[in-house]
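I am opening a fresh page for a structure that is new to me. My entries below keep to what I looked up, one topic at a time.

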Amino acid sequence: MKTGVTWAQLAEAVGKPSAWTTAALLGQHPMGKDEAATAAALLELGDDAALAFQLQPPRGALDAAVPMDPTI
């Protein structure tokens, strides 16, 4: 479903920088409950999506010899 919402609009609604919001919505880090609810509502997604936005993503790549987590 296309909503026509831009990354910039999502970031403004969530109250975070565009890079932070984009990374969070692409699964790179979790959002807070209110941030996740706002993003899910703007994207016309349900409670399951809002919950998923709050989850800590898996880190690293298990198939790689060297961890790929940028926070290490």
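**Entry 1, a term to settle.** I call a residue buried when its relative accessible area is under 20%. I also note at the outset that what I have here is a predicted model.

**Entry 2, one residue.** I looked up Thr 21, which lies in helix α2. Is Thr 21 buried or exposed? Its relative accessibility is 0%, and because the cut-off for buried is under 20%, Thr 21 counts as buried. I then asked which residues Thr 21 is in contact with once its neighbours within four places in sequence are left aside. The list I found consists of Leu 10, Ala 11, Val 14 and Lys 16.

**Entry 3, helix α1.** Three names on that list came up again when I turned to helix α1, which spans residues 7–14, since Leu 10, Ala 11 and Val 14 are its buried residues. These three sit on the same side of α1, because the arc they cover around the axis is only 100 degrees. I looked up what the buried residues of α1 pack against, and found α2, at residues 18–25, together with α3, at residues 33–42. Just after α1 comes Gly 15, for which I noted a positive phi of about 85 degrees.

**Entry 4, helix α2.** Which residues of α2 are buried? Besides Thr 21, I found Thr 22, Ala 24 and Leu 25. They too share one side of their helix, because they cover an arc of only 165 degrees around the axis of α2. The buried residues of α2 pack against α1 and α3, and also against α4, which runs over residues 47–53. After α2 I again met a glycine with a positive phi, namely Gly 27, where the angle is near 90 degrees.

**Entry 5, the whole chain.** Stepping back, I recorded four helices and zero strands, so that, by the helix and strand assignment, the pattern read along the sequence is α-α-α-α. The chain has 72 residues, and 25% of them count as buried. For the accessible surface of the chain I wrote down about 5,100 Å², with 59% of this belonging to carbon and sulfur atoms. My last look-up concerned contacts in the chain with a separation of 6 or more, of which 35% are accounted for by residues 24 or more positions apart.

Definitions and conventions
Residues are numbered from 1 along each chain as its sequence is written. This is a predicted model: local features need pLDDT of at least 70, side-chain atom pairs count only at pLDDT 80 or more; totals for chains, interfaces and linings use all residues. Side-chain values use heavy atoms; hydrogens and water are left out. Buried means under 20% relative accessible area, exposed over 50%, partly exposed in between (1.4 Å probe, protein chains only). Helices (H or I, at least four residues) and strands (E, at least two) are DSSP runs, numbered from the N terminus. The arc is that of the directions from the helix axis to the C-beta atoms. Contact means heavy atoms within 4.5 Å. Accessible areas come from the Shrake-Rupley method with a 1.4 Å probe; for residues, only the protein chains shown count as cover.
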